[in-house]
Every structure is written in C-alpha cells, then in structure tokens.
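Me: I'm new to this one and would love a friendly tour. Could you show it to me first?

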Amino acid sequence: MEDDESDAYQYVVVRAIPFIPGSRWNDAHWAEFDTRYDTTRFPTDYLWGPGTREEARAWLERERPEGDSVDFTDRVFLVQDHGRLLPPMRPAVAAGLPEAERAGVWHTVRADFPDDAFAHVRGSMDRSTGHTRRPGDCPACSAEVLGTGTHDEALRAAAAALGPIQAVHLPSVRLPSSIFWPDRP
C-alpha cells in the first residue's frame with residue numbers, strides 16, 4: 001500500500017495467531033475481528049486503536065508488545081438472546097456492558113470456538129435437535145452448558161468456572177462486513 005493511500009484507513013493493533021500458509025492453525029475468520037464479540041476462531045486480543053498508520057507504528061515501537069501463548073480449548077462464552085441471537089462475547093466484555101444492553105436471556109457456554117458456542121445455543125432453541133439447555137455436557141455437540149438466565153446469572157456462572165471476572169470497556173472496533181457473523185449490531 002502506498003503511504004498516501006493510508007490516510008483513508010483506520011488501523012488497530014491486535015495480538016492474534018500468526019498467519020502461516022498451509023497451517024491448520026490459520027484463522028479463516030481473522031478479518032471478522034470485533035472488540036465486542038468473539039468473532040475470530042482463535043483468541044484475538046485488542047491492543048490499540050483505532051488510529052492512523054503512523055500512530056499505530058509509533059505505538060508498536062514505543063510499547064513493543066510481546067508474543068503470548070494461549071490455550072484456545074474450553075473457553076467460556078456468553079451468548080445473548082435479545083430478540084435475536086447475538087454472537088458470543090468474552091465474559092469480561094459482557095461484564096462491562098452498560099445496563100441498557102444487558103436485557104434478554106444470556107447463555108454461558110464452555111466450548112473451544114465461538115462458533116461452537118453460538119451453534120449450540122441456536123440448536124438448543126429447537127428441542128428436536130437434541131441440544132440441551134440444562135447445565136452439563138450437551139449430548140448433541142461438544143459444548144458444555146454452564147448456565148442460562150439474566151445477565152447477572154450468566155456472569156455468575158462464568159465466574160464459577162473462571163474465577164472473578166474483571167469488566168473491560170473496549171472501544172467499538174470491528175472489521176467491516178462478515179459473512180459468518182452478519183448480524184452484529
């Protein structure tokens with residue numbers, strides 16, 4: 001990209017799994033990053049932004065964030081049903097939501113990937129699919145139901161599995177359109 005073209009773009013810095021051509025660890029959903037919803041297959045952490053390319057470079061040079069390792073199995077997600085099913089959230093993000101955005105039924109689910117948690121909750125809406133809404137392992141998929149109820153009840157279920165949850169307040173940043181997660185509000 002030419003430097004004069006960069007003025008039209010906003011940049012964010014995230015920590016994510018590296019792209020290695022042909023690797024089974026590549027994240028096909030990397031371009032669906034969203035600070036509110038867990039829309040990438042593997043954990044992707046917001047570090048800085050949005051801002052200009054120059055600001056992003058300056059931040060990287062100043063902060064020099066280190067690589068990290070993360071276990072992506074058995075993660076805990078919260079899925080909100082508020083007239084429509086919304087993509088999964090990390091518990092810390094859900095804890096930081098304003099009161100006005102906490103309505104609806106919340107599902108606390110342990111799964112390896114966010115799309116697994118979402119598919120489980122969507123499947124549990126139809127009893128004929130075999131997915132369970134009761135706490136415990138789902139007989140129809142690889143998800144574990146930790147709880148269902150209000151926002152506070154869902155957070156308590158997450159805290160029972162993870163320990164204390166520290167609320168985070170992230171800026172609203174997402175990469176444009178998503179084929180897999182089209183209904184992000």
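**Helix 1 and a cavity**

Me: Which residues are exposed on the other side of helix 1, away from its buried ones?

Reply: This is a predicted model, where local features need pLDDT of at least 70, side-chain atom pairs 80 or more, and totals for chains, interfaces and linings use all residues. Numbering starts from 1 along each chain as its sequence is written, and side-chain values use heavy atoms, without hydrogens or water. Exposed means over 50% relative accessible area and buried under 20% (1.4 Å probe, protein chains only). On that other side, the exposed residues are E61 and R62.

Me: Why do the buried residues of helix 1 lie on the same side?

Reply: Helix 1, a DSSP run (H or I, at least four residues), spans residues 53–63, and its buried residues are R53, A56 and W59. They share a side because the arc they cover around the axis, taken from the directions to the C-beta atoms, is only 125°.

Me: Which strands do those buried residues pack against?

Reply: Contact here means heavy atoms within 4.5 Å, and strands are E runs of at least two residues. The buried residues of helix 1 pack against strand 1 (11–15) and strand 2 (45–51).

Me: Which residue follows helix 1 with a positive phi?

Reply: Just after helix 1, phi is near 45°. The residue is R64.

Me: Which elements give two or more residues to the lining of the largest cavity?

Reply: The lining includes H107, H120 and V145. Lining residues have an atom within 4 Å of a cavity point, on a 1 Å grid where a 1.4 Å probe fits but cannot get out. The elements are strand 4 (105–111), helix 3 (114–124) and strand 6 (144–149).

Conventions
On a 1 Å grid over the protein atoms alone, a cavity is a set of points where a 1.4 Å probe fits but cannot get out, and a pocket is an open set with protein on both sides within 12 Å along at least five of seven lines; lining residues have an atom within 4 Å of a point.
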